[in-house]
Amino acid sequence: MRLKTTGDDSNKILLQDSERGLGSAEKGKQHSRQWISSYCSQTHHSSVVLHRLGSPNVVDFHGSFSRSNIFSPASHPDFSRIEPVVDMQAGMGFTGNGRTNDVMWDKYSLIIKGQRVFIHSGEFHTFRLPVPGLWLDILQKVKAAGFNAISVYSHMALINPSPGVVDFNDYRALEPLFEAAKQTGIWIVLRPGPYINAETTAGGIAHWVTSEVAGELRTNATDWHAAWQDYVQGVIAETVPYQVIQGGPVIDNEYPQEPATHAEYFRQLETVYWNSSIVVPLTTNDPGEDQAWINGTGAVDIYGLDSYPQRFDCSHPDVWNPVVTNYYSHHESVNPGQPWYFPEFQGGAFDAWGPTAPGYDQCRILTGPNFENVFNLNLLASNAKLINYYMLYGGTSWGALPFPGVYTSYDYGSAIAENRELTVKYPELKRQGLFLRSSPDFYKTDWVGNSTGGIVFVSNPAAFVTLLRNPDSAAAFYIARQENSTTMDVTTFKLNVTTSAGDFEVPRFTSGITLEGRQSKIIVTDYSFGSSSKVLYSTAQVLFAGKIGGRDVLFLYGDPTSESEATLTLNGIPRIQGTGVSFVPSNGVTLVTFLPGIQGLITIWDSSEQLVLYSDTDTAGTFWSPEISANDSVEFANYWQFGTNSSILVGGPYLVRNATITGSTLALRGDLNDSVQLTVIAPDDVKTITWNGIPISADVAAVSSLTTQGGFVTQLKPSSMVLGFAPPALTNWRYADSLPEISSGFSDANWIVANHTTTNIPFKPYYGDGRVLYGCDYGYCENIVLWRGHFNATENTQSVNFSINGGEAFAATVWVNDVFLNTSYGNSTNNQNILEETDDKFHFPPGSLLYGQENVITILQDNMGLNQSGPVIDEEKSPRGIRGFMLNTGEFGEWKVQGKIGGYTNYLDKVRGVLNEGGLYGERMGWHLPGFDTSSWALRDLSEGLPDATAGVGFFVTTFNLSIPDGFDVPISFTFDDTSQPYRSQLYVNGWMMGKRVSNLGPQYQFPVQQGILDYNGINTVAVALWAMEPKAVTPTLQLTIERVYEGGVGNIDTNNPPWSPEGRS
């Protein structure tokens, strides 16, 4: 499970229209306009729905303890589908937190500004994409998949890097995220922690806290209470301006309520938010059905459960765990009066260090489209109405962000890859997202029963079906899966349904409903679409239901290898009627049968009143439904339900980012990487279409077979640049030694004397003379730290013992004077055989010591990050450094220590931040920064390794030029050799540590680097700090690689790569 902090101050959580009247649209519009008028006069223009301790347009605050802050944007009078606004003064049984009436709830869902809302969210950590200009790219991809919210952690260690310092500049800022969310129409659940877990160092707790706070972390200890105040107050201050009313925070993450010190800590966090301008509800996440934080001290407003049912064994991606079957019963037993909330549901899996680690492509199979289909729909079947998938975009754990259990990539096998490309998982999420956006009746459903309880009847016990029904409209949703959810068998069954036309078995004419192995389906009955159209039942799946222009539009899909059917109320005179299907009219409805073999898009019914489309599943996944926002004068113009309910259908392109209609012109913006057929269903008053600003003409013949009004078909082709771009070669490397510390003339006079005899870190030294040699106690908590121990030697001095703690997968190389002794290897094998500290004896070779004189031991140690919370108290206070030191005879004299320049109190690089650099000589001198003059260095290719095959550290630096035109998005990676050699390397790109390559462990050898870190139009500096851990030749290689080129992107990405300066670097 993941321990996570709930989001602090994000201000935007997307609110969906859960109650949009389908049968009385005009009445709904009038009601909405009245509500908008009254609301717009009194609210801010932001969009927070829930805070897991904060979000822009924040809905809820989430944390170790969390309350939800819900903010709702004002509506806009363009509602084609909206239920009447709920009258919250009518005593309808809604619950609130007593601080605002704008965010309330009942047992079904959230009620935001009178609107019933289904929160459909994906996790995105902005600190893992340290280019604020690209946050819009992620949010547009989230919105395009039908989501209405994101969940965001803020990172205390980055924002509060040292005591009294709170830094919301650059990528640490919340404001650019809030603004991007407003622009996109995405709500934010902000999760500020302070503890967030998230596979990040110390679980996000500031490193200085781990050494300066004596009390137990995440309790009511007085010094811990004082330590988090500045950070939490900073998050509140950043969020308040972006609340709809006032923000609300989540307090911490996946944390037990016992003992009492935990509960009191939650109460203290809650009190801070209650005493601020944050007024929305607080929530939290329970990691394992522990029933925490529902009642008693520290209880939150809305309880949430985390679930990772597939776990994290990506080595066996085809081996499934069965679905969890007690979600609904657990909810009913612990909080039946609240909406069912999943703050984290599995959207991927993390991967560990080790030569047998499978890599994220395997994680993407483990949690791939079939998993999303079966497990996500099982979640829906439990009647969950607030869902967040962890992760939707994982990103990069650059610098010292990771905790020791993971490597640099945090791709997570998610639907949006680390390099921001859409993966094979994305279309299934989009199909689900557009269905949920199209189905307001689903936002309020009763769990009626399932096929094992005698409520739902199926013809084949191999099928398992759960029934949800809207108590107001009687719309029903039968969610079907295999009884054995892990089976790959094909199961066909029939289902008894209860409808407004009576009880009967479906399908009526086809052989049955087919589940092709690991698959789930939703069979709808009494389902509404558009203003007045009805589906009596459908065994075909719903992609889109709504109103486009003056017509009610329905888009169904199904597998090409099986048949399905739907009974519809078809209105108007058909001008196009589908082929490959059969029609059987009866009693005012028409039964439509979709035969096997249908590929591509076909028109089932095209009249002046209705348009019904059908396609195979894959084709449905190529369609988009961008919303048509209101004009800028309307508050929350970009928010579905509150600002608009108008959308169109667009098929074909790799990505459709947004659409606007001005007069009779529809402007589409998106991305292409190949030639595609563009298919558009738009209002019939659209006469002209542009793609990325360029007018395009229609294929009249192709349009004629699609629809007679509002249709458009043409071919889109990207420019030749998409096919012809090749990355430059990395050549002309310059080399310099980066380990002068082992030279005889090196002076450590300016280093810190390591002479502490006490520590707040609870894991004490094993042996030595009482001195504590933990890096964090001297301000050096991250990345590489060097230690130098001075001693006098005699002929009897034979060896030295060191116990070194660096975290899983670490290494430490030891020299005496200038003689290599050995390397201690931390280990990991796909999260097995974990070794985070070593205890080794190092023998002094003949001739290595100076008898009767001072000798120096130099230890080069990598700190792989601090541990997250675990079963042992205060594991975050990891004892990184030397836990034991002992000569076989005699004593050590002075110990000195050096990490990054300035440590955590006076580090130099304020833009890249406290976690970017370490203590290598080259880092301290700034050799990794752009603009450092290497012209006097030796020419030496990286593939030649270190001179004379020695053990040590060398810096290799080169530059290369990029010239990528505006209007292109080109994901670029730095790719090392995929070999196992005894070397470690740190990859710096324009000064940012974007990768840690551990060749002897793996698995990562390819490191995506984003535009904004890379200058797409200028000179780029790449530096590799190469650490040869043994005295043998190592031959690393490095090249730029490009998978694909996309014409499109968000454009206008600024770089912020401060160059080298001599100040403080001498």
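# Questions about a predicted model

User: Which residues in α2 meet residues in α4?

Analyst: In this predicted model, Trp135, Leu136, Leu139, Gln140 and Lys143 in α2 meet Pro176, Leu177, Ala180, Ala181, Gln183 and Thr184 in α4. The word "meet" rests on heavy atoms within 4.5 Å.

User: And how do α2 and α4 pack, by angle and axes?

Analyst: Helix α2 covers residues 135-144 and helix α4 covers residues 175-184; they pack at an angle of about 35°, with their axes 9 Å apart. The crossing of α2 past α4 is right-handed.

User: Why is Arg984 called buried?

Analyst: The cut-off for buried is under 20% relative accessible area. Arg984 has 3%, so it counts as buried. You will find Arg984 in strand β55, residues 983-989.

User: What makes the link from the side chain of Arg984 to Ala809 a polar contact?

Analyst: The side chain of Arg984 reaches the backbone oxygen of Ala809 at 3.1 Å. A polar contact needs a pair of N or O atoms within 3.5 Å, so the 3.1 Å value meets that limit. Leaving aside residues up to four places away in sequence, Arg984 also touches others, including Asp862, Met864, Arg997 and Trp1027.

User: How do you know that β17 and β18 pair?

Analyst: Pairing takes at least two bridges. Strand β17 (residues 495-499) and strand β18 (residues 502-506) have 5 bridges, in the antiparallel sense, so they pair. One example is Leu495, whose bridge partner in β18 is Val506. With 2 residues between them, β17 and β18 form a hairpin.

User: Which side chains of β17 are buried, and which are not?

Analyst: The side chains alternate along β17. Leu495, Val497 and Thr499 point to one face and are buried, while Asn496 and Thr498 point to the other and are not.

User: What makes a group of residues a nonpolar core, and how many residues has the largest one?

Analyst: Its members are buried nonpolar residues joined through side-chain atoms within 4.5 Å. The largest such core has 248 residues, and Phe802, Ile857 and Phe974 have the most contacts inside it. Strand β12, residues 384-393, gives the most to this core, with 8 residues. Another core, of 25 residues, lies apart from it; Met925, Trp927, Phe932 and Ala1023 are among its members. In soluble globular proteins, nonpolar side chains tend to be buried together.

User: How many helices and strands are in the chain, and how much of the chain counts as buried?

Analyst: The chain has 16 helices and 60 strands. Of its 1066 residues, 67% count as buried.

Conventions
Residues numbered from 1 in each chain as written. Predicted model: local features only at pLDDT ≥ 70, side-chain atom pairs only at ≥ 80, totals over all residues. Heavy atoms only, no water. Helix = DSSP H or I, 4+ residues; strand = E, 2+ residues; numbered from the N terminus. Buried < 20%, exposed > 50% of the residue type's maximum accessible area, 1.4 Å probe, protein only. Polar contact = N/O pair within 3.5 Å; in protein donor to acceptor, adjacent residues only side chain to side chain. Axes fitted to C-alpha atoms, helices over the stretch in contact; angles between N-to-C directions. Left-handed = near helix turned anticlockwise from the far one by under 90°.
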